[in-house]
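Please look over the sequence and the model below before reading on. The paragraphs that follow go from a single residue outwards to cores, domains and chains.

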Amino acid sequence: MAIFVDDSTKVVVQGITGRDGGFHSKEMLAYGTKIVAGVTPGRGGQTFDDKVPVYNTVKEAVDQHGVNTSVIFVPPFGAAGAIYEAADAGCELIICITEGVPTVDMVKVMPYLEERSVRLIGPNCPGLLAPGIAKLGILPASIVKEGPVGLVSRSGTLTYEVVYQLTAAGLGQTTCLGIGGDPVIGTTFMDAIVAFNEDPKTEAFVMIGEIGGDAEEKAAEYIKANVKKPVVSFIAGQTAPPGKRMGHAGAIVSGGSGTAADKRKALEAAGIPVADRPMDIVPKLQEIWKR
Amino acid sequence: MNIHEYQAKEIFTSFGLPVPGGKVAVTADEAVSLAEEYGLPVMVKCQVLTGGRGKAGGIKFCESMDDVRTNAANILGMDIKGHTVHKVLITPAVDIASEYYIGMLIDRNTKRVLLMASAEGGVEIEQVAKDTPELIFKQPIDPRYGLLDHEAMDMGMRLCPDDVKMARQLAAAMQKLYLAFVAADASLAEINPFIFTPEGKGHAIDAKVNLDDNAMFRHPDYEALRDLDAEDPSERTAREANLSFVKLEGNVGCLVNGAGLAMATMDLVKYYGGQPANFLDIGGSSNPEKVVNALNIILADKEVKAVLFNIFGGITRCDDVAKGIIAATKSMDISVPIVVRLTGTNAEEGRAMLADTDLHAAETMDEAVKKAIELAG
């Protein structure tokens with residue numbers, strides 16, 4: 001079991017013939033992800049990697065193959081358009097990897113998805129990897145292992161760092177999920193935590209936060225009231241100067257709010273241990289998790 | 001990207017918001033001739049990308065041409081919170097009977113543009129939010145319909161319960177501000193204050209706009225709004241090389257793949273008593289050209305006494321990254337020690353390649369950070 005995906009997940013990749021889309025589609029296929037179609041307008045009728053049919057529209061891919069999930073590698077100017085298209089064609093889960101999507105575009109996309117009950121992960125995210133089930137995005141398969149830990153993060157490589165340490169310590173994962181570093185994203189920290197809490201296979205989980213917004217504070221409140229499973233956390237950006245965007249569009253301390261110190265305080269007040277260093281995350285989890 | 005008041009006002013004017021006229025001057029003579037054009041009294045307002053300009057003495061009310069000349073001469077060249085004033089805005093002064101705050105930003109929780117308005121205008125809104133949050137009214141805006149008439153009017157009446165004419169002007173200003181916000185791809189737009197004259201005429205007398213960097217591709221004209229003088233030279237070079245970079249004050253230069261890991265690396269440098277010199281996300285590429293660009297930016301800072309690469313090879317293979325770093329450093333004349341941490345795919349091969357060079361290889365983040373701090377002295 002995992003969150004948001006299962007054995008019925010059938011995938012279309014939007015932008016499959018592009019450089020990044022092509023590279024990562026091969027990686028996903030190699031992991032056994034059921035990519036049954038690709039979409040690149042104007043490339044309909046071609047075949048990707050000698051096995052995946054390419055269509056001009058997502059609608060055709062849904063009609064021909066019954067896909068229910070889309071992974072998007074479309075450049076920023078077309079990313080919102082690709083999300084609308086996937087939702088309109090009937091995809092229930094959309095993972096948008098694209099970095100640099102204008103925020104106003106995402107604000108407009110949201111009600112369209114809500115009206116159709118579509119789950120979006122991202123944009124500007126590494127996607128999701130459920131070991132043994134599916135890899136939807138760019139998380140490296142080599143570092144994961146099946147097991148009982150859930151992981152949710154706003155970051156990419158920092159997520160890999162932590163997954164790597166979990167795996168090295170023999171702690172496999174149910175799902176590793178990168179929700180993305182933008183201000184307006186589909187699936188939030190809270191959504192992921194609720195899902196991990198309800199997932200019977202997830203016995204404990206790790207949340208990797210960073211400066212900006214108050215998603216970690218909100219998650220802390222929820223965990224305090226509802227979660228019995230062991231949870232540990234880490235917050236990146238303690239040394240970030242205010243008013244500066246630290247790479248991710250959402251990673252900015254503004255008007256004195258969104259600081260790492262505030263987030264840490266809120267998490268600790270909710271009884272969630274916060275690691276000082278990335279390498280303290282696994283030991284902290286082992287400390288509070290009596291298996 | 002943050003833009004100046006006068007630039008924000010140009011955007012507001014084009015959306016029909018009531019902004020008193022105004023132009024920028026770069027000399028006291030220009031300031032005087034603009035004041036002559038508008039007629040006295042005028043305001044002389046420093047144009048710097050920071051708040052608290054009034055308190056710092058950068059905004060002056062002028063009743064005579066002598067005032068204009070003296071104040072403009074004083075303010076031009078003034079240092080305001082580390083920002084040098086290169087331009088002043090000369091704008092007709094208006095009589096103020098009441099002041100309001102109108103602002104919009106992206107609200108992460110509702111995933112909408114959020115309208116915030118308050119009758120506590122003309123003061124720092126962060127302070128109002130902290131001390132008396134009940135005095136700030138909020139309205140999330142549904143992107144399908146925009147700010148509806150009744151929503152805007154409701155806000156107007158909350159701010160001006162006794163004067164429907166003023167409430168209507170506020171409501172109209174809010175609706176125009178929303179159209180400007182969306183069309184300009186703003187991440188923040190504020191009118192603080194929106195004022196009424198004793199005759200009941202509304203004016204937006206200050207303006208603040210931050211633009212979404214991600215949307216610059218569809219606003220090529222906004223590139224001209226960028227104030228190159230206000231930008232740190234190294235940050236400009238980084239931006240032009242498409243690297244995400246923020247300059248800090250320390251002596252350990254950091255090159256990291258990924259923004260989250262880059263922040264965590266800075267934090268770890270600090271944790272071990274060192275000072276990071278920068279934030280730099282080099283991305284997933286092992287392209288030597290990109291590494292050269294990044295190193296040039298970091299090494300231009302003479303405070304940097306050691307350089308730390310922190311690379312987690314997921315999709316990117318560590319041996320490729322090592323090859324890129326070796327090629328880049330060979331092509332440059334580098335006098336500071338370099339620590340390279342490689343973990344992940346093909347890390348051992350990568351570290352083996354580094355063994356034949358002057359670069360210090362490390363396996364874990366901790367080890368690498370401690371080594372870099374030690375070498376920085």
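Leaving aside its neighbours within four places in sequence, which residues is A:Ile72 in contact with? In this predicted model, the partners of A:Ile72 beyond that sequence window are A:Gln14 and A:Gly15, then A:Ala79, A:Ala82 and A:Ile83, and finally A:Ile94, A:Ile95, A:Cys96, A:Ile97 and A:Thr98.

Two of these partners return when the nonpolar cores are considered, since A:Ile72, A:Ile83 and A:Ile94 are, together with B:Met174 and B:Leu177, the residues that touch the most other members of the largest nonpolar core, a set of 202 residues. The greatest contribution to this core comes from helix α6 of chain B, residues 164–184, which supplies eleven residues. Separate from it is a second core of 19 residues, which has B:Val48, B:Val68, B:Val88 and B:Leu89 among its members.

Chain A can next be read through its domain assignment, which gives domain 1 as residues 11–121 and domain 2 as residues 139–288. The centres of these two domains of chain A, taken over C-alpha atoms, are separated by 27 Å, and the contact between the domains draws ten residues from domain 1 and eight residues from domain 2. On the domain 1 side, the elements of chain A that give two or more residues are α1 (19–31), α4 (103–115) and β7 (119–121), and the largest share, four residues, is that of α4(A). Sorted by class, this side of domain 1 of chain A comprises seven nonpolar residues, one polar residue and two charged residues.

Chain B, for its part, contains twelve helices and 19 strands, and its C-alpha atoms fill a box of roughly 80 × 50 × 40 Å along the principal axes. Of the 377 residues of chain B, 48% count as buried, and among the contacts in chain B between residues at least 6 apart in sequence, 66% join residues at least 24 apart.

There remains the contact between the two chains, to which chain B gives 44 residues and chain A gives 47 residues. On the chain B side, at least two residues each come from the strands β9 (112–118), β14 (244–247), β16 (278–281) and β18 (338–344), and likewise from the helices α8 (259–271) and α12 (365–376). Of these elements, α8(B) provides the largest share, eleven residues, while the side of chain B that touches chain A has, by class, 21 nonpolar, eleven polar and twelve charged residues.

Key
Residues numbered from 1 in each chain as written. Chains lettered and ligands numbered in written order. Predicted model: local features only at pLDDT ≥ 70, side-chain atom pairs only at ≥ 80, totals over all residues. Contact = placed C-beta atoms within 7 Å. Nonpolar A, V, L, I, M, F, W, Y, C, P; charged D, E, K, R; others polar. Buried ≥ 20, exposed ≤ 12 C-beta atoms within 10 Å, placed from the backbone. Domains from an automatic or database assignment. Core = buried A, V, L, I, M, F, W, Y, C linked by C-beta atoms within 7 Å.
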